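Biologist: Please take a close look at one part of this model, the arrangement of its central framework, and describe how its pieces are put together.

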Amino acid sequence: MPSAFNLDTAHAVIAHPNHQLSRYFRQYLQEMGFGKIVTTNHSTEAVKSLSQRFTKLVLVDYDLQEFGGPDFVKFVRLCDPPLQEAAVCVTMAKPNLEKVMAARDAGANEIVALPLTQATLSKKINNAINNPAPFIRHPSYTGPCRRRQTLEEWGDIDRRKKSRAKRPD
């Protein structure tokens, strides 16, 4: 997968309680060309590894021990740049609207539903790294823009303009 930056110098952190899935993620990221990949099954170990290197990608499970999912994503977004802008993908075994919205509102770039295929993983990681949403820095939210669609020109009559025209002065 072509990338806009040099993956040889980029690091990835995989924080997932499932060792078999962690090995799969690790193997896939090695094939992509990531320079260093750290795998862990605990959030405190993941935090230590984040602070030691230039991390470009974080794969974290929603149900990680101690603090996973949204709490872990919020931690990454509160760090200093460039770590703050790392691509964060949250994996979920049983996604539902509440979990997806919590991860999105915490600042996740992508949500990866399990079980997954290599095509799905490739699409999500490629989108998070090579096609990131604009990064927002605001007192109430730090992370990628949460809007997923750009709406085209509205094709119907704009009722707001119509109602303003009839409004008596």
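Modeller: The chain contains 6 helices and 7 strands, where helices (H or I, at least four residues) and strands (E, at least two) are DSSP runs numbered from the N terminus. This is a predicted model, in which local features need pLDDT of at least 70 and side-chain atom pairs count only at pLDDT 80 or more, whereas totals for chains, interfaces and linings use all residues. Residues are numbered from 1 along each chain as its sequence is written, and side-chain values use heavy atoms, with hydrogens and water left out.

Along the sequence, the elements follow the pattern β-α-β-α-β-α-β-α-β-α-β-β-α. Of the 169 residues, 40% count as buried, that is, under 20% relative accessible area, against over 50% for exposed and partly exposed in between (1.4 Å probe, protein chains only). Among the contacts (heavy atoms within 4.5 Å) with a separation of 6 or more, 61% join residues 24 or more positions apart.

The part to examine closely is the sheet. It is open, and its 5 strands stand in the order 2-1-3-4-5 with parallel pairing; two strands pair if DSSP finds at least two bridges between them. Strand 2 and strand 5 (110-113) occupy the edges with a single partner strand each, so one side of each lacks a neighbour in the sheet. From one strand to the next, the twist averages 15°.

Strand 1 (residues 11-15) pairs with strand 2 (residues 36-40) in the parallel sense over 5 bridges, and Ala 15 is found opposite Thr 40 of strand 2. Between these two strands the chain passes through helix 1 (residues 19-32) in a right-handed β-α-β crossover, meaning that, with the strands pointing away from the viewer, the path from the first strand over the helix to the second runs clockwise.

At the other end of the strand order, strand 4 and strand 5 run parallel and are joined by 4 bridges. Met 92 stands opposite Ala 113 of strand 5. Here the chain crosses from strand 4 through helix 4 to strand 5, and this β-α-β crossover is also right-handed.

Strand 1 also pairs with strand 3 (residues 55-61), in the parallel sense and over 5 bridges; within this pairing, Leu 57 of strand 3 is the bridge partner of Ala 12. Helix 4 (residues 97-106) packs on the sheet, where it touches strand 4 (87-92) and strand 5, and its direction makes about 165° with that of strand 4. Helix 5 (residues 118-130) packs on the sheet as well, touching strand 3, strand 4 and strand 5, with its direction at about 170° to that of strand 5. Axes are lines fitted to C-alpha atoms, for helices over the stretch in contact, and angles run from 0 to 180 degrees between N-to-C directions.

Helix 4 has a helical partner too: its axis and that of helix 3 (residues 69-78) come within 8 Å and cross at roughly 10°. Helix 3 is therefore roughly parallel to helix 4, the class for angles under 35 degrees (over 145 is roughly antiparallel, 65 to 115 roughly perpendicular, the rest oblique). Helix 3 contributes Pro 70, Val 73, Lys 74 and Arg 77 to the contact, and helix 4 contributes Ala 102, Ala 103 and Ala 106. These contact residues divide into 5 nonpolar, no polar and 2 charged; Ala, Val, Leu, Ile, Met, Phe, Trp, Tyr, Cys and Pro count as nonpolar, Asp, Glu, Lys and Arg as charged, and the others, Gly among them, as polar.
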